[in-house]
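The exercises that follow are meant to be read with the sequence and the 3D view side by side. Try each task before reading the solution below it.

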Amino acid sequence: MAVTRDAARAALVDDVYAKQAANDARGMWQALRRLSQSGGRLPGGPSALRSAGGAVVMGDQQIADVFAHHYARVGDAAVFAEGAGFDAAHMAAVEAEVADLRTNTSRARAHRGPASLNDPFTPDEVAEACAKLHNNKAANPLDNIQNELLKHGGEEGCLALTAFFNLQWEGEVKAQSPGVIRSLYKKGDPAEPTNYRPITLGCTIDKLYNLLINRRLVSFLEEDTGKLHDAQNGFRPGRNTADNIFMLSTVLNARLREKKATYLLFLDVEKAYDSVWRAGLLKHVWEAGVEGKMFRVLAQMCDSTSSVVMHNGCAATAFQPGIKG
């Protein structure tokens, strides 16, 4: 099957070059279209991709580079500022405040924060987090560590992981491996990078460490109902989108019975996760009561996160996703 797929791709590529050599511009673009359309259905990913400058590339390394440039641009601070509409003075003030909170001599050091957030991790916490890992999940191709290895490491493995995580925790250092981005075709022109959904395969050990941190944060935020709005159902235990759908339908039915006009606005923020302004996020985290070591660790994790795009075994240069500052 692989031979047939490779042969079909080679034939399409040859057709592009043949039309180009014959100065058949129309035929060349038609051949390129057939090549790009086949790429959306091939397990190996696209066979051709259009760069930001409009050029069509067909080599695996070039395709990986185009994807990397596209994903890095989503979180580029300069691109973000072009249409963000943020007050420049406000942004500068927030970034200065967050920078102060992160320094060793700032008031952040005077705020140890609650013990539930900042104490060292216990073997019980690690064992409970390991039990939550799912089997048969794709591993990061850079280390190929499977979830099953951590889940079934026994008591000795749990103690070793606890010691390792606490070294990072006490030193407030995140030795994070790059996440490997794979691009999954959605719909539309397969030659357009915007028509692919990036899926990141993170290091299993990093994911387990992040899970420990997330469980502490969720527990801390759920303790006080004032920290999260009651209408916020996403990423909260025991809640899902069905809760908001039920509330919306109830309100709409009531207004319909009362013959009242109703106006709805649905906001879908494109690339919302990748374009989060890190300094603004950290300011909200501090104001929610997340202080001390937990705050500094989260801030450091924002700096150490990196991603690398891979396409058919070829890797592009690593980059840092998200809006810095």
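**Exercise 1. A pair across two strands**

Which residue stands opposite Ile181 in strand 5?

Solution. This is a predicted model, and the search can begin from the pairing of the strands. Strand 3, which covers residues 179-185, and strand 5, which covers residues 307-311, pair in the parallel sense over three bridges. Along this pairing Gly179 stands opposite Ser307, and the residue that stands opposite Ile181 in strand 5 is Val309.

**Exercise 2. The order of the sheet**

Work out the order in which the strands of the open sheet lie, and state which strands are at its edges.

Solution. Begin with strand 3, which pairs with strand 4 (residues 196-201) in the antiparallel sense over six bridges; here Val180 stands opposite Leu201, and Ser183 stands opposite Pro198. Next, strand 3 pairs with strand 5 in the parallel sense. Then turn to strand 5 and strand 6, which pair in the antiparallel sense over two bridges, with His311 opposite Cys314 in strand 6. Put together, four strands form an open sheet in the order 4-3-5-6, with mixed pairing. The edge strands are strand 4 and strand 6 (314-315), each of which pairs on one side only. A further detail concerns the link between the last two strands of that order: strand 5 and strand 6 form a hairpin with two residues between them, and Asn312 in the turn has a positive phi of about 50°.

**Exercise 3. The surroundings of strand 5**

Is Ser307 buried or exposed, and what can be said about the rest of its strand?

Solution. First locate Ser307, which belongs to strand 5. Its relative accessibility is 5%, and because the cut-off for buried is under 20%, Ser307 counts as buried. Its contacts, leaving aside neighbours within four places in sequence, are Gly179, Ile181, Thr317, Ala318, Phe319 and Pro321. Then widen the view to the strand, where five of its five residues are buried. Both faces are covered, with Ser307, Val309 and His311 buried on one side and Val308 and Met310 buried on the other. Helix 3 (residues 60-74) lies across strand 3, strand 4, strand 5 and strand 6, and runs at about 145° to strand 5.

**Exercise 4. Two helices that cross**

Describe how helix 9 and helix 10 are placed relative to each other, and name the residues through which they meet.

Solution. Two packed helices are described by the angle between their axes and by the distance between those axes. For helix 9 (residues 154-171) and helix 10 (residues 204-223), the axes come within 11 Å and cross at roughly 70°. Helix 9 is therefore roughly perpendicular to helix 10. On the side of helix 9 the contact involves Leu161, Phe164, Phe165, Gln168 and Trp169, which meet Ile205, Leu208, Tyr209, Leu212, Ile213 and Arg216 in helix 10. Sorted by kind, the residues of this contact are nine nonpolar, one polar and one charged.

**Exercise 5. The nonpolar cores**

How many residues does the largest nonpolar core have, and which helices each supply at least two of them?

Solution. The largest nonpolar core has 33 residues, and those with the most contacts inside it are Phe165, Leu208, Ile213, Val290, Met294 and Leu298. The helices that each supply at least two residues of this core are helix 5 (88-102), helix 7 (123-131), helix 9, helix 10, helix 12 (278-287) and helix 13 (292-304). Taking Val290 as an example, and not counting residues up to four places away in sequence, one finds that Val290 touches Leu117, Leu217, Phe220, Val285, Phe295 and Leu298. There is also a second, separate core of 13 residues, which includes Ile63, Val66, Ile181 and Ala316.

**Exercise 6. The chain as a whole**

How many helices and strands does the protein chain have, and what share of its residues counts as buried?

Solution. The chain has 13 helices and six strands. Of its 325 residues, 34% count as buried. Among contacts between residues at least 6 apart in sequence, 64% join residues at least 24 apart. As an example of two residues far apart along the chain, Ala92 and Ala279 are 187 residues apart, and their C-alpha atoms are separated by 9.7 Å.

Key. Residues are numbered from 1 along each chain as its sequence is written. This is a predicted model: local features need pLDDT of at least 70, side-chain atom pairs count only at pLDDT 80 or more; totals for chains, interfaces and linings use all residues. Side-chain values use heavy atoms; hydrogens and water are left out. Axes are lines fitted to C-alpha atoms, for helices over the stretch in contact, and angles run from 0 to 180 degrees between N-to-C directions. Angles under 35 degrees count as roughly parallel, over 145 as roughly antiparallel, 65 to 115 as roughly perpendicular and the rest as oblique. Contact means heavy atoms within 4.5 Å. Ala, Val, Leu, Ile, Met, Phe, Trp, Tyr, Cys and Pro count as nonpolar, Asp, Glu, Lys and Arg as charged, and the others, Gly among them, as polar. A nonpolar core is a set of buried Ala, Val, Leu, Ile, Met, Phe, Trp, Tyr and Cys residues joined through side-chain atoms within 4.5 Å. Buried means under 20% relative accessible area, exposed over 50%, partly exposed in between (1.4 Å probe, protein chains only). Two strands pair if DSSP finds at least two bridges between them.
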